[in-house]
Amino acid sequence: MFFCYYDSPVGRLLVGGEQKLEFIHFPKGKSAILPAPDWINETQPFSDVLFQLDRYFSKTLIRFSLDYSLGGTPFQRRVWQTLAKVPYGTTVSYGELARQIGNPKAARAVGMANAKNPIPIIIPCHRVIGKDGSLTGFGGGLDVKQQLLALEGRDLSVV
């Protein structure tokens, strides 16, 4: 397993994978992890990821174009594929995302799939909000979610 750290405006991110990008973890929150002792600290496998993250955080990239490898169930992958199409600077509710995948009663399941997103920011789970417009759960913390949305021009307050 290869990994590297990326110092972003929202904190130090752990980027990793075997042959391709497989995960991005925030420094705090539910998905925070540390590299295992046998992991190899190497930036080269992630040079395009780091370049595109630089561009995203400098507001010169609005859509990522990366080669990555995702696990997950077929339902999770369908949610993530749909989520990847949510435009920069916009938000969508869990219910709306459920409707977009053709299962309007699956808002909670969509929320669970959203929480399992292995590459946040790249697959923009920060763009999913509550049906009342409130900020809801985010693996990196609501403060990070708010920062990412503000970067994209959406200033939503943490409720």
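This report walks through a predicted model of a single chain, from its overall build to a handful of individual residues.

## The chain as a whole

Let us begin with the architecture. Five helices and six strands make up the secondary structure of the chain. Their order along the sequence is β-β-β-β-α-α-β-α-α-β-α. The radius of gyration is 15 Å, close to the 15 Å that the globule rule gives for 159 residues, so the chain is as compact as a globular protein of that length. Along the principal axes, the C-alpha atoms fill a box of roughly 40 × 30 × 25 Å.

How much of the chain counts as buried? The share is 45% of the 159 residues. Contacts can also be sorted by distance along the sequence: among those with a separation of 6 or more, 56% join residues 24 or more positions apart.

Turning to the surface, the chain exposes about 8,300 Å², and carbon and sulfur atoms supply 52% of that area. As for charge, there are 18 positive and 13 negative side chains. The centres of these two sets lie 12 Å apart.

## The annotated cysteine

One residue comes with a label from a database. UniProt lists C125 under "active site", in an unreviewed entry. In the model, C125 is found in the loop between α4 (107–115) and β6 (128–129). Is C125 buried or exposed? Its relative accessibility is 6%, and buried means under 20%, so C125 counts as buried.

The surroundings of C125 are worth a look in the viewer. Once neighbours within four places in sequence are left aside, C125 is in contact with L83, N114, N117, P120, F138 and K145.

## Two residues with positive phi

Most residues other than glycine have a negative phi. Which residue in the loop between α4 and β6 has a positive phi without being a glycine? That residue is I121, with a phi of about 75 degrees. I121 counts as buried, at 1% relative accessibility.

K59 is another non-glycine residue with a positive phi, here about 65 degrees. K59 belongs to the loop between α1 (47–57) and α2 (74–83). Its relative accessible area is 53%, and exposed means over 50%, so K59 is exposed. I121, by contrast, is buried.

## Around helix α2

The loop that holds K59 is also home to G71, which lies between α1 and α2. G71 is partly exposed, with a relative accessible area of 44%. Leaving aside residues within four places in sequence, G71 is in contact with R77 and W80. G71 can also be set against N117, one of the residues that C125 contacts: G71 and N117 are 46 residues apart in sequence and 9.6 Å apart in space, C-alpha to C-alpha.

Further along, F75 is found in helix α2. With a relative accessible area of 22%, F75 is partly exposed. Which residues does F75 touch, apart from those up to four places away in sequence? They are I101, A106, A109, V110 and A113.

## A proline and an isoleucine

P35 sits in the loop between β3 (23–25) and β4 (40–41). P35 counts as partly exposed, at 23% relative accessibility. Beyond its neighbours within four places in sequence, P35 is in contact with F3, Y5 and L14.

L14 appears again in a pairing with I129, a residue of strand β6. I129 is buried, at 7% relative accessibility. The C-alpha atoms of I129 and L14 are separated by 24 Å.

## Separations in sequence and space

The table below brings together C-alpha distances for residue pairs.

| Pair | Apart along the chain | C-alpha separation |
|---|---|---|
| I129 and L14 | 115 residues | 24 Å |
| P35 and Q147 | 112 residues | 25 Å |
| F75 and V128 | 53 residues | 17 Å |
| G71 and N117 | 46 residues | 9.6 Å |

To close, here is a short tour for the viewer. Start at the buried C125, then move to I121 in the loop between α4 and β6. From there, visit K59 in the loop between α1 and α2, and finish at F75 in helix α2.

How values were computed: Residues numbered from 1 in each chain as written. Predicted model: local features only at pLDDT ≥ 70, side-chain atom pairs only at ≥ 80, totals over all residues. Heavy atoms only, no water. Helix = DSSP H or I, 4+ residues; strand = E, 2+ residues; numbered from the N terminus. Rg over C-alpha atoms; globule rule 2.2 N^0.38 Å. Buried < 20%, exposed > 50% of the residue type's maximum accessible area, 1.4 Å probe, protein only. Contact = heavy atoms within 4.5 Å. Areas by Shrake-Rupley, 256 points an atom, 1.4 Å probe, with all protein chains shown as cover. Lys, Arg positive; Asp, Glu negative; His and termini not counted. Charge placed at Lys NZ, Arg CZ, Asp CG, Glu CD. UniProt positions renumbered as here; feature names shortened; annotations may be inferred.
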